[in-house]
Each structure stands twice: as C-alpha cells, then as structure tokens.
Amino acid sequence: MTHQPDPAARPLSAAEVAAVRADFPYLERPARNGRALAYLDWGATSQKPAAVIAREAEFLRRSNGAAGRSTYQIADEATAVWDGARRTVGAFVGARAEQVVFTKNATEAINLVALAIGHASLGRPAGRGGAIADAADPSRRLLVAPGDRIVVTRAEHHANLVPWQELAARTGAELRWLDLTGDGRIDPATADVITGRTRVVALTHASNVTGAITPLDAVLPAARAAGALVVLDTCQSAAHLPLDFAALSAAGVDAMVLSSHKMLGPTGIGALVAAEDLLQAMPPVLTGGSMIEVVRMESSTYMSGPARFEAGSQPLAQAAGWCTALEYLAGLGMDRLHAGEAALTERILEGLAGIDGLRLLGPTGADERLGVVAFTLDGVHPHDVGQVLDAAGVAVRTGHHCAQPLHAHFGVHASSRVSLGPTTTPEEVDRFLQAVASVRSYFLG
C-alpha cells in the first residue's frame with residue numbers, strides 16, 4: 001500500500017551509478033582533504049543534478065513572467081510551467097493535480113493544515129465567519145475542541161510536532177503520542193492512544209533519525225475508526241520509496257507533505273497533497289492576491305481547490321526545477337533506487353556493528369527501514385565525530401536532527417547520522433566506515 005517497492009527490482013549497476021554521478025556537479029569539487037567528496041547527508045538536503053540547475057536557470061532566462069496574471073507570451077509560458085508542475089508532482093505520488101497545493105516547504109504545508117483546523121475550530125469555516133451549518137457539513141471534520149485528542153508520535157521531526165502542540169494549546173485539545181520500541185520503531189501496541197475523541201493523527205512515514213518505516217497498517221485502522229484526519233510526513237520517504245496517494249487515501253490518509261529539496265529539487269518549494277473534500281472544507285490561512293474570487297471593501301470571496309492556499313507570487317523557477325528533479329528520479333526508477341540503497345544500508349549496519357563503543361540509534365536490521373542511520377560513539381561528542389569525518393572527506397549530519405524527543409528516548413542529546421542518495425557508492429560507504437572506526441582512537445588514544 002505505502003512502501004512496497006518491487007522485491008525483484010535490481011539496483012543500478014556500477015556503470016549506471018557512475019553515469020548518475022556524472023550528472024551531479026557537486027562531485028566536481030574536492031572535499032576539505034582534497035579527495036572526492038563523499039556526500040552522505042541526503043536526509044538533510046539532496047544534491048541536485050545538472051539538469052535541475054539548468055532548468056531553473058532556463059526558466060529565469062527565458063520564461064520569467066507573472067503566472068496567471070496576463071496573456072503575453074512569457075506570462076503564458078510561466079503559467080504553463082506552474083500548471084505543469086502541479087500535474088508532475090501529483091503524478092509522481094499518485095495524486096491528481098487538483099490535490100496538490102504548493103507551499104514554500106513541507107513545514108509550511110503541515111502548518112497550513114494545523115492553522116486551517118485552528119481557524120475552523122475558532123468559528124471561521126471555509127474562510128468566512130459564522131457557524132457550521134449542520135452535521136453533514138464537511139467542515140465539521142476540522143473541529144477540534146477541549147477534551148478532543150491530537151495524536152502524534154515520539155519519532156516526529158519538530159516540523160510535525162510543534163504545529164500540533166500549538167493547535168492543542170489554542171483549542172484546549174489533549175496532545176498524546178504513539179511511543180517507541182527499544183530500537184526506536186513506532187510501537188503499534190501504543191496505538192490505543194487513538195480514541196473516539198481523536199480528531200487528528202499526524203505521523204511520519206519514515207524517521208529522519210532511525211530510518212524506521214512507520215507501520216501504517218497498524219495505525220490507520222484506528223484513526224479511520226475514530227474519524228480522525230490523518231496527516232503523513234513523507235519528507236524522508238518520498239525520494240526513496242514509491243508512493244501512491246490514491247492507495248494511502250483509500251487506507252485513511254487525508255493529506256501528506258512533500259519537500260522538494262530532499263527530492264533532488266530546489267529549496268523554497270514543497271507541497272501539501274490532500275483529498276479534495278479536505279481542501280474544500282479548509283479555510284485559507286494566508287490571504288491576498290491570487291487566491292481570491294471577488295474583493296469588495298467590506299469582504300472577499302476565495303478560490304476553491306489548491307489556489308485557495310497559494311496567496312501571493314508563486315515560486316515558479318523552483319517549480320520548474322522540481323519538475324525536472326521528479327522526472328530524473330522517475331527515470332532512474334524508485335524501485336531500483338530503493339534496492340540499491342537497501343544493499344548499502346545493510347553494508348553500513350554490518351560495518352558499524354564491528355566498531356567498538358558505537359551505539360546505533362534505531363533498528364539493527366535492514367528490513368522496513370531507509371538508508372538513514374544515526375549513531376553515537378562512547379566518549380566522543382557527535383560534533384567531533386562530524387569534524388573527523390569531514391577531515392576525511394565524508395559529509396554527515398550531526399546534532400539532534402530536529403528530533404529532540406526521539407533522542408531523549410535513547411537517553412542522548414545528539415547523534416551523528418549518515419544518509420544515502422542516488423550517487424552513493426560502496427566505496428563511499430567504506431570510506432565512511434573507515435573514518436568512523438578511527439574516531440575514538442583519535443580522541444581517546
């Protein structure tokens with residue numbers, strides 16, 4: 001349903017990976033030590049193929065007009081880029097163009113839903129004042145009141161936790177969460193926090209720390225039984241697993257969020273993908289140009305569909321680049337990318353298991369997880385680990401990765417994290433493992 005790549009898919013061959021690497025300009029620059037850079041921080045932000053960079057620049061050079069605002073040629077071209085981007089993003093994740101709302105990032109997309117629920121709950125359904133008409137009004141699904149529940153998980157990135165904390169504070173709802181197993185997986189046994197009073201369930205598709213994939217089949221039935229709105233954060237999974245929003249929607253997911261810059265695309269653009277009835281029920285959050293129908297001095301009426309939530313000038317060049325990024329990913333094949341990353345993840349896990357004093361934060365096996373691996377080393381601060389790896393030409397993430405409650409679950413404040421992408425090779429993984437193995441002796445003798 002949600003992450004079922006073809007088990008028969010074969011990874012990209014060494015020759016194919018070499019061809020992919022030739023498409024990425026970042027590899028033309030050396031690392032700090034003068035060697036080729038082993039970039040292993042794809043979970044934070046992805047590198048961009050030359051085609052994406054060129055497409056964004058081409059738009060600015062040739063088609064930089066005001067989309068949807070005039071009839072001259074380059075304005076028409078800009079409008080076509082915007083409309084085409086909506087279709088491309090939708091097609092990539094199995095959604096219709098009418099279900100795609102562009103935002104400046106996935107964080108804004110989550111906040112958009114949380115704020116819209118807050119507006120509706122405070123008596124402003126459909127962007128206007130007044131009371132909700134009757135029990136059949138779809139806006140009723142957006143009502144959160146004192147005594148209701150908002151449910152998240154302990155594995156969330158702060159972007160999918162803090163907005164719901166704020167919504168609970170504004171509405172008087174109770175914030176609860178699914179907890180974790182000892183190895184950091186979401187524990188289905190704690191799904192009993194989803195009760196009949198639960199109005200929202202917001203959860204990650206894959207952890208940005210442990211790499212663990214959420215067992216949606218164990219969570220969604222309870223959310224559906226409660227009639228809760230389900231918001232899925234796919235920032236870590238969308239560039240590594242085939243997604244099908246139609247299937248997710250049928251299983252109970254109402255909305256999911258995407259992040260361009262983690263999918264080989266530009267920064268400054270993301271998307272909310274949502275059921276059309278939810279978009280119709282949600283009041284707008286940002287208001288102004290582009291999202292209006294009729295404006296009078298006393299009041300205004302608003303567009304329906306995605307346009308209702310896209311006030312102001314659009315990130316057109318970024319949309320053009322994101323389109324090219326998704327076409328590039330689709331050309332490589334999500335099943336084949338996943339197969340290759342799964343093999344490399346297993347190589348990392350096996351290598352880390354043999355390093356003295358290393359503690360893995362997350363599952364020790366490669367099943368039901370992505371190529372995102374966090375760890376700590378006894379007696380060495382994660383930032384020091386990152387500096388030693390940087391000196392070896394290996395780029396990894398250090399810190400709490402915007403997931404402080406998850407780190408608290410493991411009893412640590414921070415960790416080092418390696419994450420994989422389409423240019424990652426076995427040689428880069430081995431360089432990483434060799435560098436990690438040297439860290440404790442460097443600091444502790």
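**View A. Both faces of strand 3 are covered.** Arg-149, Val-151 and Thr-153 on one side are buried, and so are Ile-150 and Val-152 on the other. Buried here means under 20% relative accessible area, with exposed being over 50% and partly exposed in between (1.4 Å probe, protein chains only). Strand 3 covers residues 149-153, and 5 of its 5 residues are buried. Strands (E, at least two residues) and helices (H or I, at least four) are DSSP runs, numbered from the N terminus. In a regular strand the side chains alternate between the two faces of the sheet.

The model is predicted: local features need pLDDT of at least 70 and side-chain atom pairs count only at pLDDT 80 or more, while totals for chains, interfaces and linings use all residues. Residues are numbered from 1 along each chain as its sequence is written, and side-chain values use heavy atoms, with hydrogens and water left out.

**View B. Strand 3 pairs with strand 4 and with strand 5.** Two strands pair if DSSP finds at least two bridges between them. Strand 3 and strand 4 (residues 174-178) run parallel and are joined by 5 bridges. Arg-149 stands opposite Glu-174 of strand 4. Between these strands the chain passes through helix 5 (residues 162-171), in a right-handed β-α-β crossover. Right-handed means that, with the strands pointing away from the viewer, the path from the first strand over the helix to the second runs clockwise. The pairing of strand 3 with strand 5 (residues 198-204) is also parallel, over 3 bridges. Thr-198 is the bridge partner of Arg-149 in strand 5.

**View C. Seven strands form an open sheet with mixed pairing.** The strand order is 2-8-7-6-5-3-4. Strand 2 (100-103) and strand 4 are the edge strands, each pairing on one side only. From one strand to the next the twist averages 20°. Such angles run from 0 to 180 degrees between N-to-C directions, with axes fitted as lines to C-alpha atoms (for helices, over the stretch in contact). Strand 2 runs antiparallel to strand 8 (residues 270-274), and 4 bridges join them. Val-101 has Leu-272 of strand 8 as its bridge partner.

**View D. An open sheet of 4 strands has antiparallel pairing.** Its order is 11-12-15-14. The edges are strand 11 (358-361) and strand 14 (397-399), each of which pairs on one side only. Neighbouring strands are turned by 30° against each other on average, direction ignored. Strand 12 (residues 372-377) and strand 15 (residues 415-419) are antiparallel and share 4 bridges. Phe-375 stands opposite Ser-416 in strand 15.

**View E. The largest cavity has a volume of about 60 Å³.** A cavity is a set of points, on a 1 Å grid over the protein atoms alone, where a 1.4 Å probe fits but cannot get out; lining residues have an atom within 4 Å of a point. Grid points are joined across faces, edges and corners, and the volume is the space filled by probe spheres set on the points. The count comes to 3 cavities of 30 Å³ or more. The lining of the largest cavity includes Trp-42, His-240, Lys-262 and Pro-422. By class, this lining has 6 nonpolar, 2 polar and 1 charged residues. Ala, Val, Leu, Ile, Met, Phe, Trp, Tyr, Cys and Pro count as nonpolar, Asp, Glu, Lys and Arg as charged, and the others, Gly among them, as polar.

**View F. The second largest cavity holds about 50 Å³ of space.** Among its lining residues are Ala-155, Arg-185, Thr-204 and Ile-213. The lining has 4 nonpolar, 4 polar and 1 charged residues.

Key. On a 1 Å grid over the protein atoms alone, a cavity is a set of points where a 1.4 Å probe fits but cannot get out, and a pocket is an open set with protein on both sides within 12 Å along at least five of seven lines; lining residues have an atom within 4 Å of a point.
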